[in-house]
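Here are some worked exercises for you to try with the model open beside you. Take each task on your own before reading its solution.

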Amino acid sequence: MFLIVTKYLIPKGYRGLAVFPFVFVKQALDKKNEVFVNHERIHLRQQLELLVVPFFLWYFLEFLVRLIQYKEMDLAYRNISFEREAYANEKDIEYLNNRFLWRFLKYV
């Protein structure tokens, strides 16, 4: 994993973005935020499981489904299965050591 600070690649309203094998963060302070970095590392594992491109296709399609369902962008984003898994487990620093394959499916 490579942590890169850049304010230009991160969409407005977000702090970071994981694109295997990189984690882009808006602020240098977030590089030291263990919980934030763990959240992004969970996304990297999800991307590996789905071979990166299918991950982003699924992510985008699920976002559209959730947007229709919830009619609010932030609520749609927070209810994407990948985000639900990451938010639910970001504080557990050992999570990736014990995580089962394709665990995000539990959150669909």
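How many salt bridges does a search of the whole structure find? The search finds five. Keep in mind that this is a predicted model. The exercises below start with these pairs and then move on to strands, a helix contact and a surface patch.

**Exercise 1. Work out which parts of the chain the salt bridge between Asp 30 and Arg 15 ties together.**

Step 1: Check the pair itself. The cut-off is a side-chain nitrogen of Lys or Arg within 4 Å of a carboxyl oxygen of Asp or Glu. For Asp 30 and Arg 15 the N to O distance is 2.6 Å, and their side chains form a salt bridge.

Step 2: Place both partners. Asp 30 belongs to the loop between S3 and helix H1 (34-49), and Arg 15 to the loop between strand S1 (2-5) and S2, so the bridge ties together parts that lie 15 residues apart in sequence.

Step 3: Look at the exposure of each partner. Asp 30 is buried, as its relative accessible area is 8%, while Arg 15 is partly exposed at 41%.

**Exercise 2. Compare the salt bridge in helix H2 with the one in helix H3.**

Step 1: Start with helix H2 (residues 53-70), which holds both Glu 62 and Arg 66, four residues apart, or about one turn of the helix. Their closest N and O atoms are 3.2 Å apart.

Step 2: Turn to helix H3 (residues 73-78), where Asp 74 and Arg 78 are likewise four residues apart, about one turn of the helix. Here the closest N and O atoms are 3.9 Å apart.

Step 3: Add the exposure, with buried meaning under 20% relative accessible area. Glu 62 is buried at 8%, and Arg 66 is buried at 13%. In the H3 pair, Asp 74 is partly exposed at 41%, and Arg 78 is partly exposed at 39%.

Step 4: Finish with a network. Glu 49, Glu 85 and Arg 99 are joined into one network by salt bridges that share partners.

**Exercise 3. Describe how strand S2 pairs with strand S3 and which face of S2 is covered.**

Step 1: Find the sense of the pairing. S2 and S3 (residues 22-25) are antiparallel, with four bridges between them.

Step 2: Find the connection. Two residues make the hairpin link from S2 to S3.

Step 3: Pick out facing residues. Leu 17 stands opposite Phe 24 in S3.

Step 4: Sort S2 (residues 16-19) by face. Gly 16 and Ala 18 are on the covered face, whereas Leu 17 and Val 19 are on the uncovered one.

**Exercise 4. Find which residues Leu 96 touches, leaving out those up to four places away in sequence.**

Step 1: Locate Leu 96, which is part of helix H5. Leu 96 is buried, at a relative accessible area of 7%.

Step 2: List the contacts. Leu 96 touches Asn 38, Arg 41, Ile 42 and Arg 45.

Step 3: Consider one contact in sequence and in space. Leu 96 and Asn 38 are 58 residues apart along the chain, yet their C-alpha atoms are separated by 8.6 Å.

**Exercise 5. Identify the residues that make the nonpolar surface patch.**

Step 1: Name the members. Trp 58, Leu 101, Trp 102, Leu 105 and Val 108 make a patch of about 500 Å².

Step 2: Examine one member. Trp 102 sits in the segment after helix H5 (95-98).

Step 3: Test Trp 102 against the patch cut-off of over 30% relative accessible area. At 36%, Trp 102 is partly exposed.

Methods: Residues numbered from 1 in each chain as written. Predicted model: local features only at pLDDT ≥ 70, side-chain atom pairs only at ≥ 80, totals over all residues. Heavy atoms only, no water. Patch = residues over 30% accessible without salt bridge, like charges linked within 9 Å, V, L, I, M, F, W, Y side chains within 5 Å. Areas by Shrake-Rupley, 256 points an atom, 1.4 Å probe, with all protein chains shown as cover. Buried < 20%, exposed > 50% of the residue type's maximum accessible area, 1.4 Å probe, protein only. Pairing = 2+ DSSP bridges. Contact = heavy atoms within 4.5 Å.
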